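Reader: I am new to reading protein models, and I would like to go through this one slowly. Could you take my questions one at a time?

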Amino acid sequence: MRIPEQKIDEIRQSANIVDIISTHVQLKKRGKNFVGLCPFHTEKTGSFVVSEDKQIYRCFGCGSGGNIFKFLMDYKNISFIEAVQEIADFIGYQLKFEDNNKGEDDVLEVLYEINLTAARFFTDTLYKSNDGEIAREYLKKRNIKPQVQKSFGLGFAPSGWNNFYDHAVANKLDLEKTKLLGLIDKNDSGKFYDKYRGRVIFPIFSPNGRVIAFGGRILENSDNAAKYLNSPENPIYLKRKSLYGLFHSKEEIRKLDKAILVEGYLDLISLFQNGVKNVVASSGTSLTEEQVQLLSRFTKNIIVLFDSDEAGQKAALRSIEILIKSDFDVKVALLPKGEDPDSYIQKNGKEVFDDFLSKSQNFLEFRLRIFEERGMLSDPNEATKVIRETVRIIALVSDKIKQGLLITTLAKKFNLREKMLESELIDYINKQSDQKKPLKETSSTSSFGKLELKNNRDKSSTAQTEKELIRLLFSGDNEIVSAILHDIEPADFTSIIFKELSRIVVENYEDGLIAPAHLIEQINDSELKDYVFNLLFNEEEISPRWSELSHNGEIKKDKIEYAIDHIRKFKVVRFNEQLHELNKKIGETTDSQAIYELLKSIKDMEEEKRRLMSNSKNNNEI
Ligand SMILES: [Zn+2]
């Protein structure tokens, strides 16, 4: 389904962010904003601020923020379209979908329907049929309580080649689509047959609870059948983007601000049943960046809990790297030999399990232990490799203090000079940043270094004027934005950040979309987004006069005048800079012809500058 941008903007403008958020979070008025306890991280004092005039929110604790759609998406874990729909419902807006895309949306709906029919068939078979007995016995042996079986939607696919196929035909399911979902397949003679036979079925849910795929575990040992059979990728199931169990565990993960990552379906279900409910499983694939991205909506703290066999160790090492890259705080717990999370918690109970988890190691200790056990640290060549590789991973840690502490630990462990490891680290970081693509002005996904943003906090008058103009560009006032864009182009700004931000405004201005609540969601780079949030929420700090004007809702003319004043200041500063450059060149050259040319340019410029100044005086008098 595709909803036109303008319509989305209309819906956003008709709803009040304070009304929507206060149905979920208790808000108190403070100044012109509203403040409450952040629903996205645990806190005792409110750092969650909602701005009614800008229609955006921001948590100064965990950094989440955005417009009304972003809030619902994150709070309820729903898609953008679902959020738009929900707000449309809230304000009683009739959403009509564009016809040309309706078809595509219907196809997805049909796929969800087929999965749901299949899921019901498998559960019915598990509980109501004689065929299901063997699976009921199996689950009983695994100690999974009926109630938990039901809440995870477990089922059974009987052996035989056409049990589900017959059911699909009887229910008039679209067979080609059913095949696309991996539930049935076609043999050489063109006959359909069941893909899942004699398997316990674990439905895989999307974060908001729809069945998107199935995992099936074989019950009877058979040489030519894989132990697990998983749905193939299809339009509603992208393996690398889904995490098993998240639908069930997301609330607890958010509450505890911590997740436990396990490998298998049964590990997760068993922990869940024993009261450990903040678990997800990456089952069927090694952890991907997209899965980590998904999880980061709920927490950035994770304990990787894998088997201690070699496969488990390998998977843990690989996962650590992906998690650290995404700024997670990573701990690792390896179970005693021969145990998996399921067997361990069933044997020992929750208390012992919690105690075991509390002793998990940070990723550095874990890595070194693994390599030590493999005897790699006693061989100088191997040890060097391990140290280099570890420094490479430490380089991924974004928190500089943490990075320093990890280097210290590593140095101590090998009795090395810390300075040496530090320079290795810096070399590595520099090499990395050289490899990054040069920043293109037109790219909206470019990544802006912290350094650049820090430089931008300088107090020079150019920087301050430019910053103020950017803030005005995000004011949502059409007259002001028009005035600035009439005189100043993105390329005129000196800093690459301001170039990029003004470019985003220009692009959206052309479509008539300049509300801050719209613009903020058009910024892809997270640091850049943070920068704008701070700009929008700290306006008092920046310009006492502007805030006075907005507070009292004073005469519009004053605001325009204020903006024009800054446009002029900006242009004058740029002229002065150029004049300075020209004067410097005069001092450096001895060629009289060149000096003559330079003096002529200076004269032209000063005239231009005078004209600008007098224009602005006239403007002020009108
Ligand atoms: Zn927060």
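Reader: In which part of the chain does serine 206 lie?

Author: This is a predicted model, and that should be kept in mind throughout. Two strands frame the residue, β9 (199–205) on one side and β10 (211–218) on the other. Serine 206 lies in the loop between β9 and β10.

Reader: Is serine 206 buried or exposed?

Author: Buried means a relative accessible area under 20%, whereas exposed means over 50%. The relative accessible area of serine 206 is 9%, so this residue counts as buried.

Reader: With which residue does the side chain of serine 206 make a polar contact?

Author: Leaving aside residues up to four places away in sequence, serine 206 touches Ile212 and Phe247. The polar contact, at 2.9 Å, joins the side chain of serine 206 to the side chain of asparagine 208.

Reader: Which residues coordinate the zinc ion, and what is the geometry of the site?

Author: The donor atoms are SG of Cys38, ND1 of His41, SG of Cys59 and SG of Cys62, which lie at 2.1 to 2.3 Å from the zinc ion. Four donors count as tetrahedral if all angles lie between 85 and 135 degrees. The angles among these four donor atoms are 102 to 118°, and the site of the zinc ion is tetrahedral.

Reader: How many residues apart are histidine 41 and cysteine 62?

Author: In sequence, the donor residues of the zinc ion follow the spacing C-x2-H-x17-C-x2-C. Histidine 41 is in the loop between β2 (33–36) and β3 (48–51), while cysteine 62 is in the loop between β4 (56–59) and β5 (65–66), and this pair, linking distant parts of the chain, is 21 residues apart.

Reader: Which strands stand at the edges of the sheet with the order β13-β12-β14-β15-β16?

Author: This open sheet is formed by five strands, and the pairing is mixed. One of its pairs is β12 (residues 259–262) with β13, in the parallel sense and over three bridges. An edge strand here has a single partner strand, so one side is left without a neighbour in the sheet, and the strands in that position are β13 (279–281) and β16 (361–362).

Reader: What angle does helix α13 make with β14?

Author: Helix α13 (residues 310–325) packs on the sheet, where it touches β12, β14 (301–306) and β15 (329–334). The direction of helix α13 makes an angle with that of β14 of about 165°.

Definitions and conventions. Residues are numbered from 1 along each chain as its sequence is written. This is a predicted model: local features need pLDDT of at least 70, side-chain atom pairs count only at pLDDT 80 or more; totals for chains, interfaces and linings use all residues. Side-chain values use heavy atoms; hydrogens and water are left out. Donors are N, O and S atoms within 2.8 Å of the metal (3.2 Å for Na, K and Ca); water is not among the atoms, so sites may look incomplete. Four donors count as tetrahedral if all angles lie between 85 and 135 degrees; four count as square planar and six as octahedral if opposite donors are over 155 degrees apart and all others between 65 and 115; anything else is irregular. Helices (H or I, at least four residues) and strands (E, at least two) are DSSP runs, numbered from the N terminus. Two strands pair if DSSP finds at least two bridges between them. Contact means heavy atoms within 4.5 Å. Axes are lines fitted to C-alpha atoms, for helices over the stretch in contact, and angles run from 0 to 180 degrees between N-to-C directions. Buried means under 20% relative accessible area, exposed over 50%, partly exposed in between (1.4 Å probe, protein chains only). A polar contact is a pair of N or O atoms within 3.5 Å; within protein, one must be able to donate a hydrogen and the other to accept it, and residues adjacent in sequence count only if both atoms are side-chain atoms.
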